[in-house]
Amino acid sequence: YAVRAMEQISRDALAEAGRAPEDLVALIPHQANSRIINATAERLGVPVEKVMMNIERYGNTSAASVPILLDEVVRAGQIKDMDLIELVAFGGGVTWGAGVIEWNPKAAWPITGREARSSIAAVKTGAPA
């Protein structure tokens with residue numbers, strides 16, 4: 001179920017953004033377990049070197065896993081200005097979501113509504129059918 005949900009929401013968000021999995025510089029998934037992460041990436045056709053993981057250091061940090069991992073890869077220089085990244089997560093079997101973002105570290109904070117719309121290409125939430 002989790003793999004199907006993460007794959008589908010990833011594809012939906014990419015499609016809404018007019019992009020494809022091969023356009024991604026990085027996939028930053030919820031760190032539920034490595035089996036789910038690897039299976040999702042394989043089904044999307046995203047190479048392992050583009051799939052960011054830290055589960056081996058922290059385990060499943062639940063809702064915090066995506067922002068923790070995003071912070072780590074940014075600090076490590078793995079994401080550069082205007083790189084296309086996708087954040088994807090699921091929770092409790094009833095929610096799921098993904099965002100496709102052109103990373104812009106130079107954006108002024110806090111982000112205004114107009115800046116957020118231009119920064120976030122697509123966001124989908126819901127439960128799989």
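Tutor: A residue is called buried when its relative accessible area is under 20%, exposed when over 50%, and partly exposed in between. The model discussed here is predicted.

Student: Which residues of strand β1 are buried on one side, and which on the other?

Tutor: Strand β1 spans residues 26–29, and both of its faces are covered. On one side the buried residues are Ala26 and Ile28; on the other they are Leu27 and Pro29.

Student: To which strand is β1 joined, and by how many bridges?

Tutor: The partner strand covers residues 84–91 and runs parallel to β1. Leu27 stands opposite Glu86 in that strand, and Ile28 has Leu87 as its bridge partner there. The strand is β2, and the number of bridges is 4.

Student: In which sense do β2 and β3 pair, parallel or antiparallel?

Tutor: Strand β2 is mostly covered, with 6 of its 8 residues buried. One of the links to β3 places Gly91 opposite its bridge partner Thr95. Over 8 bridges, the sense of the pairing between β2 and β3 is antiparallel.

Student: How many residues does α1 have, and what distance does the helix reach from its first C-alpha to its last?

Tutor: Helix α1 runs over residues 2–16. At 1.5 Å a residue, a span of 21 Å is expected, and the model comes close to that figure. Just after the helix, Gly18 takes a positive phi of about 70 degrees. The helix itself has 15 residues and reaches 21 Å.

Student: Is Ser10 buried or exposed, and why?

Tutor: Ser10 lies in helix α1, among whose buried residues are also Met6, Ile9, Ala13 and Leu14. Leaving out residues up to four places away in sequence, Ser10 touches Leu44, Glu86, Val88 and Ala98. The cut-off for burial is under 20%. Because its relative accessibility is 0%, Ser10 counts as buried.

Student: Which residues touch the most other members of the largest nonpolar core?

Tutor: This core holds 22 residues. Helices α1 and α2 and strands β2 and β3 each supply at least two of them, and the largest share, 7 residues, comes from α1. The members touching the most others are Leu24, Leu27, Ile36, Val46, Val51, Val88 and Phe90.

Student: With which residues is Val46 in contact, leaving aside neighbours within four places in sequence?

Tutor: Val46 is one of the core members that touch the most others. A contact requires heavy atoms within 4.5 Å. Leaving those neighbours aside, the residues in contact with Val46 are Pro21, Leu24, Leu27, Ala41 and Val51.

Student: How many residues are in the second, separate core?

Tutor: Ile28, already met in β1, belongs to this second core. Met52, Val66 and Trp103 are also included, and the core has 12 residues.

Student: Where is Asp23, and what is its relative accessible area?

Tutor: Asp23 is in the loop between α1 and β1. A polar atom of its side chain lies 2.8 Å from the backbone nitrogen of Ala20. Since partly exposed means between 20% and 50%, Asp23 falls in that class, with a relative accessible area of 32%.

Student: What pattern does the protein chain follow along the sequence?

Tutor: The chain has 129 residues, of which 42% count as buried. Its secondary structure comes to 5 helices and 4 strands. Read along the sequence, the pattern is α-β-α-α-α-β-β-α-β.

Conventions: Residues numbered from 1 in each chain as written. Predicted model: local features only at pLDDT ≥ 70, side-chain atom pairs only at ≥ 80, totals over all residues. Heavy atoms only, no water. Helix = DSSP H or I, 4+ residues; strand = E, 2+ residues; numbered from the N terminus. Buried < 20%, exposed > 50% of the residue type's maximum accessible area, 1.4 Å probe, protein only. Pairing = 2+ DSSP bridges. Core = buried A, V, L, I, M, F, W, Y, C linked by side-chain atoms within 4.5 Å. Polar contact = N/O pair within 3.5 Å; in protein donor to acceptor, adjacent residues only side chain to side chain. Expected span 1.5 Å × (residues − 1).
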